[in-house]
Protein chains: 2
Amino acid sequence: MSEVLQKAKLAKAASIQMNRVSTADKNEALLRMADHLITSQLSIIQANQLDLDNGRKNGTSSSLLDRLALNEKRVAEIAEGLRQIAQLTDPVGTLLQTIDRPNGIRIEQLRVPLGVIGMIYEARPNVTVDAAGLCLKTGNAVVLRGGSAALHTNKRIVEVLHEALESSALPKDAVQLIEDADRKSVDEMLKLNGWLDVVIPRGGASLIQNVVQNATVPVIETGAGICHTYIDQGANPEMATAIALNAKVQRPSVCNAMETLLIHQDYDQAAVTELLKAFHDAQVELRGCERTLQLAPYAKQATEQDYATEYNDYILNIRFVSNLDEALAHISRYGTKHSECIVTERSSEAERFLQEVDAAAVYHNASTRFTDGFEFGFGAEIGISTQKLHARGPMGLVPLTSTKYRVTGQGQIRS
Amino acid sequence: MSEVLQKAKLAKAASIQMNRVSTADKNEALLRMADHLITSQLSIIQANQLDLDNGRKNGTSSSLLDRLALNEKRVAEIAEGLRQIAQLTDPVGTLLQTIDRPNGIRIEQLRVPLGVIGMIYEARPNVTVDAAGLCLKTGNAVVLRGGSAALHTNKRIVEVLHEALESSALPKDAVQLIEDADRKSVDEMLKLNGWLDVVIPRGGASLIQNVVQNATVPVIETGAGICHTYIDQGANPEMATAIALNAKVQRPSVCNAMETLLIHQDYDQAAVTELLKAFHDAQVELRGCERTLQLAPYAKQATEQDYATEYNDYILNIRFVSNLDEALAHISRYGTKHSECIVTERSSEAERFLQEVDAAAVYHNASTRFTDGFEFGFGAEIGISTQKLHARGPMGLVPLTSTKYRVTGQGQIRS
């Protein structure tokens, strides 16, 4: 039996036990896991050093090494994340509705765990702990398949979590780590219907597309964000400048950062010139339409391909549009249904934008950077769903649950 | 461009218009559709006659011909179904939650249409109208791909629906019928990411498995039901007999019918013998364990394969178990997470069964036949979801919607 199938079976068996554990036991286990991460931090950081050394040898980019690297401060943050999850309200068991039918049967709809969740992600050790914590809190078992560049770190982390679980009321098999670094282990997970109830990919576009294209297990698609900000005619220049700059430069590498700025052709010309200059000063490479090139000689011509690209970098497309319809058409064509913003003082334009743009989050006069489980007040985030089924937008604990109907009768039969 | 892609694009364009129409306009259109089906019934029944003639020539089974056949009464029932959908509460636009964040942004979560729904089903013309009605009511466009044996009927029905929509406020392109009878048109639909937001298969196991195995578009899996009834020691014999018989013979062809009866070894022996006899008298072929064969000489030996089969027919497996754990293990192994029932007078056993069985609907002292959108009081049913994502159990209107976050601010940016 392959490692993947073997561990999925262990996870499935553990998920049946997880279905019975109390909220108090789950929280207790999460706190133990946090404590044990801290007391074991030296060994974790040592294992991480092996991964970092390998990464440097293999020429891994500094930004990837940065996401991989652990130190005492980061381990403490990760442990603190578990403590925060312990404090969140447990959604499992919530009674969603009670239906009393004329024939006397009572139908109750309750939140239940999903079962076994497969997580496929890149070389980010914090996701290992985060995902384990969120899945356990919601009564699930989890099969983790992180990027192979973090394998030493992940193995040590999962050992530590197992040690903590062994002194808790939760089955340690509820957390499984796939150690097979071959891509085939991912492919196998994607077809594990009957053992995995859902697969959640977290990472770049190619990782996510591989999952979406090949999974027969249900998927919650996360991630890709080609987000737009549209500055309307008459928008408050100070507000528009602040929101546009924030959406791009506060953290360009994330999915809710802006990739294209759309500007109404009649928006304050002085403000536009200043805004373009501000992007330039912030080291943002500008790619624009004809009008942009006239206003900003340092800008390049934007291509069709540019508008369809998620840069996650200090690059921004600029396009002038003649009205809201043109902005909506652009967003409909190039957007990825993630986060879209209008800056306007006109309530009719705001209302149309909020109503007609098809995206997980639509904004009026606020930065798209707020699309985030913590910023939304969920206290956690397993990812940002860009699909329309099951969960849309930032996902906290609830999307890690399903529902179940409990029907009680006194001998009713159907006639 | 293929027929499928062309029609999916028309549906997508129509879905943007559908997002703007009012509930009143949608209800008005549904009533027009109902009226127009009635006034056009002669031409529909004539088209249906062509399909029936072809079916008879091709040796189609009488049960399939029965599901395909339309007459005045059935057309009237189908039209009445649309009128009932018009009366249901529109879930679109419902405000699910409002979150006011400390930084002053307000986050509202609203129900929105899914967009474009692909329906893949068998030669049942009532599904054509039902699916169109439910999708339009929830503000969606729909691409219909019914079984080719009903093509003449479906073409005429969709013509009639289009005629009705042309005199309504809804875009007629919101209902599309794929006429290409080649299986390839189904395969193409399953890969139409970006044009279809979800595919819902309705039909037998092979149709559903083809969709689950090959779709890259998100799927809501419906259907397959290997449902169990477990009669506990000390169960009320009268109730147990009534529930078990009802679950099997009231309509054996449907997914919520029982396929295996589990009986506690210490349950009233006289009642068991009488129950087995009652199944035999009702023409139900029994396949059982050793103990069953001793009690019912007319029973055959059940095989491993029998326990894993959805008969949808007058065949039933019988197995005696020594306790609840054995019943739970059997259900966990062979069940399809659809509907499972315990008949017992012991509340501790009932509670464990309801808690531990992993299924869309779990029953205590009522027939599994109640798992149905109408019986649950939803007033409609697009299918019964057997997956855990998005929707589980009978699906009314709500599972045909998604959600969207509307965020309004006064210039907030992330720091």
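These legends walk you through several close-up views of a predicted model with two chains, A and B.

**View 1. Two copies related by a turn.**
Let us begin with the pair as a whole. Two copies of a chain are related by a rotation about an axis and a shift along it. Here, a turn of 180° with a shift of 0.0 Å along the axis lays chain B on chain A, and the RMSD is 0.1 Å. The two copies are thus related as by a two-fold rotation axis. Which residue of chain B comes closest to the rotation axis? That residue is His390(B), whose C-alpha is 1.8 Å from the axis. Both copies use the same surface, as 100% of the contact residues of chain B recur in chain A.

**View 2. Where chain B touches chain A.**
Now zoom in on the interface, where 73 residues of chain B are in contact with 73 residues of chain A. The two chains bury about 6100 Å² between them, and carbon and sulfur atoms give 50% of that area. Which residues of chain B lose the most area to chain A? They are Leu389(B), Tyr405(B) and Arg414(B), which together make up 14% of what that side buries. Polar contacts are found here too: 46 residue pairs across the interface, with both residues at pLDDT 80 or more. Several elements of chain B each supply at least two residues of the side that touches chain A, including helix H1 (3-18), helix H10 (237-249) and strand S15 (393-395). The largest share of that side, 11 residues, comes from S16(B).

**View 3. Strand S16 of chain A and its two partners.**
This view centres on residues 401-412 of chain A, which form strand S16. Is this strand largely enclosed or largely open? Of its 12 residues, 9 are buried, so S16 is largely enclosed by the rest of the structure. One partner is strand S2 (residues 106-113) of chain A, which pairs with S16(A) in the antiparallel sense over 8 bridges. Within that pairing, look for Arg111(A), whose bridge partner in S16(A) is Thr403(A). Another partner belongs to chain B: strand S13 (residues 361-366) runs parallel to S16(A), and 5 bridges join the two. There you can find Thr408(A) with its bridge partner His364(B).

**View 4. Salt bridges between the chains.**
How many salt bridges are counted between chain B and chain A? The count is 10. In one salt bridge, Arg20(A) meets Glu356(B), and their closest N and O atoms are 3.5 Å apart. Another joins Glu375(B) to Arg414(A), with 3.3 Å between the closest N and O atoms. This pair crosses between chains, from the loop between S13 and strand S14 (383-385) of chain B to the segment after S16 of chain A. Glu375(B) counts as partly exposed, at 23% relative accessibility, whereas Arg414(A) is buried, with a relative accessible area of 16%. A network of salt bridges also links Asp197(A) with Lys337(B), Asp358(B), Lys388(B) and Arg392(B).

**View 5. Salt bridges within chain B.**
Over all chains, the structure holds 65 salt bridges, and this view picks out two pairs inside chain B. Arg83(B) forms a salt bridge with Asp35(B), where the closest N and O atoms are 3.2 Å apart. Arg83(B) lies in helix H5 (residues 72-87) and Asp35(B) in helix H2 (residues 23-39), so the pair ties together parts that are 48 residues apart in sequence. Arg83(B) is partly exposed, with a relative accessible area of 25%, and Asp35(B) is partly exposed at 41%. In the second pair, the side chains of Arg352(B) and Asp325(B) meet at 2.7 Å, N to O. Arg352(B) sits in helix H15 and Asp325(B) in helix H14 (residues 324-334), 27 residues apart. Arg352(B) is partly exposed at 28% relative accessibility, and Asp325(B) is partly exposed at 44%.

**View 6. A buried leucine in chain B.**
Our final stop is Leu134(B), found in helix H6 (residues 125-137) of chain B. Is Leu134(B) buried or exposed? Its relative accessible area is 1%, so Leu134(B) is buried. Leaving aside neighbours within four places in sequence, its contacts include Ile85(B), Ala380(B), Ile382(B) and Leu397(B). You can also look for Leu82(B): Leu134(B) is 52 residues from Leu82(B) in sequence, while their C-alpha atoms are 8.2 Å apart in space.

Conventions
Residues numbered from 1 in each chain as written. Chains lettered and ligands numbered in written order. Predicted model: local features only at pLDDT ≥ 70, side-chain atom pairs only at ≥ 80, totals over all residues. Heavy atoms only, no water. Buried < 20%, exposed > 50% of the residue type's maximum accessible area, 1.4 Å probe, protein only. Helix = DSSP H or I, 4+ residues; strand = E, 2+ residues; numbered from the N terminus. Pairing = 2+ DSSP bridges. Least-squares fit on C-alpha atoms with pLDDT ≥ 70 in both. Contact = heavy atoms within 4.5 Å. Buried area = accessible area lost by both parts, 1.4 Å probe. Salt bridge = Lys/Arg side-chain N within 4 Å of Asp/Glu carboxyl O. Polar contact = N/O pair within 3.5 Å; in protein donor to acceptor, adjacent residues only side chain to side chain.
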